[in-house]
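Good morning, and thank you for coming. Please take a moment with the sequence and the structure before I begin.

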Amino acid sequence: QVQLVESGGGLVQPGGSLRLSCAVSGNIFRLYDMGWYRQAPGKQRELVAGITSGGRRKYADSVNGRFTISRDNAKNTAYLQMNSLKPEDTAVYYCHPVDFYSGSPLGDYWGQGTQVTVSS
């Protein structure tokens, strides 16, 4: 099965930036559409950004204009650049293969995620 390892989270002040990375095992990363999800305490997991294998992107309204998703197929890695962070962005962030058009995750295996905390 696909292995997913997220990194790059941390504690940042409001208005700050972080760059998350997601290393994906296997040789078929380039074929997957990928998404970044987040889950805040007491809330459901939500898709914040998606990118197709060909590089088409989409974003949740709450992060549009502040977050940028990208991928490097040669490195089997997906990224999420997060700027102008707000306290409401605090959550555990996960990457996962995604059905780009529905936003539904593909498969049941999730990585450990990376914690992002936005606080002064």
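**Gly9, the four-stranded sheet and Arg38**

Let me start with Gly9, which sits in the loop between β1 and β2 (10-12). Strands here are DSSP runs of E of at least two residues, as helices are runs of H or I of at least four, and both are numbered from the N terminus. This is a predicted model, in which local features need pLDDT of at least 70 and side-chain atom pairs count only at pLDDT 80 or more, while totals for chains, interfaces and linings use all residues. Residues are numbered from 1 along each chain as its sequence is written, and side-chain values use heavy atoms, with hydrogens and water left out.

Gly9 has a relative accessible area of 33%, so it is classed as partly exposed; buried means under 20%, exposed over 50%, and partly exposed in between, with a 1.4 Å probe and protein chains only. Setting aside residues up to four places away in sequence, Gly9 touches Leu18, Leu20, Thr114, Gln115 and Val116, where contact means heavy atoms within 4.5 Å. Between Gly9 and Ser119 there are 13 Å in space, C-alpha to C-alpha, although they are 110 residues apart in sequence.

I turn now to the sheet. It is open, has 4 strands in the order β1-β3-β8-β7, and its pairing is antiparallel; two strands pair if DSSP finds at least two bridges between them. At the edges are β1 (4-7) and β7 (67-72), each of which pairs on one side only. From one strand to the next, the twist averages 15°, with axes fitted as lines to C-alpha atoms, for helices over the stretch in contact, and angles from 0 to 180 degrees between N-to-C directions.

At one edge, 4 bridges pair β1 with strand β3 (residues 18-24) in the antiparallel sense, and Val5 has Ala23 as its bridge partner in β3. Side chains alternate along β1: Leu4 and Glu6 point to one face and are buried, whereas Val5 and Ser7 point to the other and are not. At the other edge, β7 is joined by 6 bridges to the antiparallel strand β8 (residues 77-82), where Thr77 is the bridge partner of Asp72.

Finally, is Arg38 buried or exposed? Arg38, in strand β4 (residues 34-39), counts as buried because its relative accessibility is 6%. Its side chain makes polar contacts with the side chains of Ser62 (3.5 Å) and Tyr93 (3.0 Å). A polar contact is a pair of N or O atoms within 3.5 Å; within protein, one must be able to donate a hydrogen and the other to accept it, and residues adjacent in sequence count only if both atoms are side-chain atoms. Beyond its neighbours within four places in sequence, the contacts of Arg38 include Glu46, Phe67, Glu88 and Asp89.
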